[in-house]
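User: Hey, can you walk me through this one? I'm new to reading structures.

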Amino acid sequence: MKKILVIVSLFALNWQASAQSLERRNELKICLAHLLAGSLKVGYERLLNDFSSVGASGFYSFSNLNHHRSSSRGLEGQLLGFYRLYFGQQPISGFFLEGNLGLNWIRHYTWSAGVSRRSYDAAFGVGIALGWKWYIPRTGIVLDVFAGGGRLFGSDHQNAFPRAGISIGRRF
């Protein structure tokens, strides 16, 4: 009887430990660097296993372009999906390589005869980024630092987009 009780107890402890590790497979983050620059970038990441994840991020710029020049343009919004491959010693942390696909909105201002005119251009983009993720298991806090870029297809005015940030969030 004692052997059965020990085996059942070990099984229950093992099941609880594995349930806790599977429990925290989602991350929600906000990019601090973009907030300081007058834009909002939020992201969600789903951890697939100990070395890879998929996610999505959304970006919107609240800043106005200088529309008093003859013309100006800039990235106004972005919806991006990504896949990350991690090379750290701990699961889903350390150095990572990211591939991404996204839809970008570019805002254009043209200034002519004292009148400012605004137009938009949408373009599909493909890019890569490199970064580092820190994870604090006790608190569930994650910090990402990443940089990269990508190529836009379908835009008449802009042919590249940046992919960079310093994000903080929580794993749940």
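Analyst: Sure, we'll go through the cores, the aromatic rings and a few single residues.

User: Anything I should know before we start?

Analyst: This is a predicted model, where local features need pLDDT of at least 70, side-chain atom pairs count only at pLDDT 80 or more, and totals for chains, interfaces and linings use all residues. Residues are numbered from 1 along each chain as its sequence is written, and side-chain values use heavy atoms, with hydrogens and water left out.

User: Cool. Which residues make up the largest nonpolar core?

Analyst: There are seven: Phe59, Leu75, Leu80, Ile106, Ala123, Leu152 and Phe161. A nonpolar core is a set of buried Ala, Val, Leu, Ile, Met, Phe, Trp, Tyr and Cys residues joined through side-chain atoms within 4.5 Å. Buried means under 20% relative accessible area, exposed means over 50%, and partly exposed is in between (1.4 Å probe, protein chains only). A second, separate core has five residues, including Leu47, Tyr86, Ile92 and Phe96.

User: And what does Leu152 touch?

Analyst: If you skip residues up to four places away in sequence, Leu152 touches Asn104, Ile106, Ala123, Phe124, Gly125, Gln158, Asn159, Ala160 and Phe161. Contact here means heavy atoms within 4.5 Å.

User: Let's switch to rings. How many aromatic pairs are there?

Analyst: Four. Rings of Phe, Tyr and Trp (its six-membered ring) pair if their centres lie within 6.5 Å; planes under 30 degrees apart count as stacked, over 60 as edge-to-face and the rest as tilted.

User: Why is the pair of Tyr60 and Phe62 edge-to-face?

Analyst: Their planes sit at 75 degrees, with the ring centres 5.0 Å apart, so the pair counts as edge-to-face. Tyr60 is partly exposed at 38% relative accessible area, while Phe62 is exposed at 55%.

User: What about Tyr86 and Phe96?

Analyst: That aromatic pair is tilted, with 5.4 Å from centre to centre and 55 degrees between the planes. Tyr86 is in strand S4 (residues 71–86) and Phe96 in strand S5 (residues 94–112), so the pair ties together parts that are 10 residues apart in sequence. Strands are DSSP runs (E, at least two residues), as are helices (H or I, at least four), and both are numbered from the N terminus.

User: Are those two rings buried or exposed?

Analyst: Tyr86 counts as buried at 5% relative accessibility, and Phe96 counts as buried too, at 0%.

User: Where does Arg171 sit?

Analyst: Arg171 is in strand S8 (residues 160–171), and this residue is buried, with a relative accessible area of 6%. Arg171 also lies over the face of Tyr135, 3.7 Å from the ring centre. For that, CZ of Arg or NZ of Lys must be within 6 Å of the ring centre and within 35 degrees of the ring normal.

User: What does its side chain make a polar contact with?

Analyst: The side chain of Arg171 makes one with the side chain of Glu27, at 2.7 Å. Arg171 also uses its side chain to reach the backbone oxygen of Ile92 at 3.1 Å. A polar contact is a pair of N or O atoms within 3.5 Å; within protein, one must be able to donate a hydrogen and the other to accept it, and residues adjacent in sequence count only if both atoms are side-chain atoms.

User: Last one: is Asn104 buried or exposed?

Analyst: Asn104 is buried, with a relative accessible area of 0%. Asn104 is in strand S5, and a polar contact of 2.7 Å joins its side chain to that of Gln78.
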